[in-house]
Amino acid sequence: MLFHSIKFKFFAAICAIAVAFVGILSFLNVTLYDNYYLWQRERSLQDTYEGILQANQQGNDALITQLMLSEDIEGVRLTLVQNDGAVLYDSVLREQLTGSVSSEDGLFDGLSVAESAINGANNENMQEKGLDFVNVYDKKRNEEFLCLVGQMDGGYLVARIPFTYVEQNSAFNLLFLAVSGGLTLLICIGLAFFVARHFTRPLIAIGNVANAMADLDFSKKYDGPVHDEIGQLGQSINRLSEHLEETIAELRRSNWKLGQEIQEKEKIDALRQEFIINVSHELKTPIALIQGYAEGLKEGVAETPEDRDFYCATISDEAVRMNNLVMQLLNLSKLELGRETPNWGDVDLDELIGSAVEKAVVLSDANKLDVSYTPSGLHVYSDDTMLEQVVNNYLTNAIRYTPEGGAVRLYTTQDPATGSVTITVFNQGEGVTEDELPRLWDKFYRTDKARSRALGGSGVGLSIVKALAEVLGGTCGARNVEGGIEFWFTVPGAAVKKL
């Protein structure tokens, strides 16, 4: 993985360039340096020769001065030789034109080199240019010289440098090149490491942000410098991350909303099917009874007036039951669809609940129940008809499920903190299980299905109470208490404060 990283590739590329640069420089130096150095020395010897020619035209003093300067500064050895072989000047003896020296004197070591150079000069070059370059090997010294032979006042000037200088310079140059090249390579490798890390760090950071985005993690952001193209790329990645996060969040919200709508639709479909089944079940029995007794009358089964009256009364009772159920369902549908608008006004709870208790006397007396209400003097701002329907449904339900000889209690209380007023209806009995309490408000739900028809319940009354609570802005509920169960309905405090 390391060899495929951009940091390693960047580092390797810079190192390769550095190695190539040092290698090319070394190759050029090894192959061309000696020739270049010789060429430069030839030019130096030629410049020395031209300088001596100019000084010779100015007189002996100038010539001697120029000869010594050339020796001291350029490091060359000079010999002036006449055409007859007489030596006028030589660097070893520094004869200043005071006489002549011949090779027979044995004092001049460079004469043989000068003679060999003069003899080895190319005549064509001497005639055309007036000078020539000759390599001369001195057997006595076992040394080779680069010599310039130039014509000068009926004689020759021989300027020479030993090849030992060239070899030493080449060796020094190679050693310096090896040391400097190695140091340069090490420095370049170090710089390559830091440069690669500097330039790849933001790219790695951008890559980490992109990987996080691929995993739908948009918390990571590029926070590096933005003054170059890489920084601008990082900012673009940040903007892309923000847009993707917003888009995905919006998509999730849309999916969640769609899921909720689908669940709601499925719930509505299930409720619709359950509603149809329940209504069909509720209507099946009275329809069957009406049909059966009607056919009995038609077939003359009821022979006596008393039997005919019984058949007709049964048909009438079942028709009333069916009508009540249909009216309750219509009322519940209007409430749930928001088609019932409250008629707000002052409601005297003592008067409303007292009237409901009086109307239920016939039912309560039939079961020998003790129904009582404790006046509170409370008033609320609400719809008296809807509140009366709430109280009647609670009271009817309590009377229906209270065992014979039991008690039903109604009372109202006010919360001093919120000002809300709660109407509570208590009836003695076994109560219901905690799991069944929330289901009491579902349409057609009955805790005791075997007794439901005998007790006359339709299973819609508490559903109507719940719908009325939503219309009036209140709440409703039920709880098991010692000795029975309580149903409550709360009118919000805001409605009470409007009085």
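**Close-up views of a predicted model**

**Figure 1. Surroundings of Thr-402 in the predicted model.** Leaving aside residues up to four places away in sequence, Thr-402 touches Leu-369, Ala-407, Val-408, Asn-427 and Gln-428. Thr-402 itself is placed in the loop between α10 (384-401) and β9 (407-414). Is this residue buried or exposed? With a relative accessible area of 6%, Thr-402 is buried, because this value falls under 20%. A polar atom of the Thr-402 side chain lies 2.4 Å from the backbone oxygen of Ala-398.

**Figure 2. An aromatic pair within helix α1.** The structure holds three aromatic pairs. In one of them, the ring centres of Tyr-36 and Trp-39 are 6.1 Å apart and the ring planes stand at 40 degrees, so the pair is tilted. The two residues lie three residues apart in helix α1 (residues 6-57), which is about one turn of the helix. Tyr-36 has a relative accessible area of 48% and is partly exposed. Trp-39 is likewise partly exposed, with a relative accessible area of 42%.

**Figure 3. The aromatic pair of Trp-344 and Tyr-381.** These two rings are stacked, with 6.0 Å from centre to centre and 5 degrees between the planes. The pair links distant parts of the chain, as its members are 37 residues apart. Trp-344 belongs to the loop between α7 (305-336) and β6 (345-348), whereas Tyr-381 belongs to strand β8 (residues 379-382). Trp-344 is partly exposed at a relative accessible area of 38%, and Tyr-381 is also partly exposed, at 26% relative accessibility. A pair of aromatic rings is described by the distance of the centres and the angle of the planes.

**Figure 4. A nonpolar patch on the surface.** Which residues form the patch? They are Leu-175, Val-179, Leu-183, Leu-186, Ile-187, Ile-189 and Leu-191, and together they have about 680 Å² of accessible area. One of these residues, Ile-189, is found in helix α5 (residues 163-214). Ile-189 has a relative accessible area of 32% and is therefore partly exposed.

**Figure 5. Helix α8 and its start.** Helix α8 covers residues 349-359, and its buried residues are Leu-349, Asp-350, Leu-352, Ile-353, Ala-356 and Val-357. Where the helix starts, a side-chain oxygen of Asp-348 comes to within 3.1 Å of the backbone nitrogen of Asp-350. Asp-350 thus appears twice in this view: among the buried residues of α8 and as a partner of Asp-348.

**Figure 6. Lys-368 and its backbone angle.** Lys-368 is found in the loop between α9 (361-366) and β7 (370-374). Its phi is near 55 degrees, a positive value in a residue other than glycine. Most residues other than glycine have a negative phi. Lys-368 is exposed, because its relative accessible area of 60% is over 50%.

**Figure 7. The chain as a setting for the close-up views.** The chain has 13 helices and twelve strands. Of its 499 residues, 36% count as buried. Among contacts in the chain with a separation of 6 or more, 64% are between residues 24 or more positions apart. The accessible surface of the chain comes to about 29700 Å², and carbon and sulfur atoms account for 55% of this area.

Methods
Residues numbered from 1 in each chain as written. Predicted model: local features only at pLDDT ≥ 70, side-chain atom pairs only at ≥ 80, totals over all residues. Heavy atoms only, no water. Helix = DSSP H or I, 4+ residues; strand = E, 2+ residues; numbered from the N terminus. Buried < 20%, exposed > 50% of the residue type's maximum accessible area, 1.4 Å probe, protein only. Contact = heavy atoms within 4.5 Å. Areas by Shrake-Rupley, 256 points an atom, 1.4 Å probe, with all protein chains shown as cover. Polar contact = N/O pair within 3.5 Å; in protein donor to acceptor, adjacent residues only side chain to side chain. Phe/Tyr/Trp six-rings, centres within 6.5 Å; stacked < 30°, edge-to-face > 60°. Patch = residues over 30% accessible without salt bridge, like charges linked within 9 Å, V, L, I, M, F, W, Y side chains within 5 Å. Salt bridge = Lys/Arg side-chain N within 4 Å of Asp/Glu carboxyl O.
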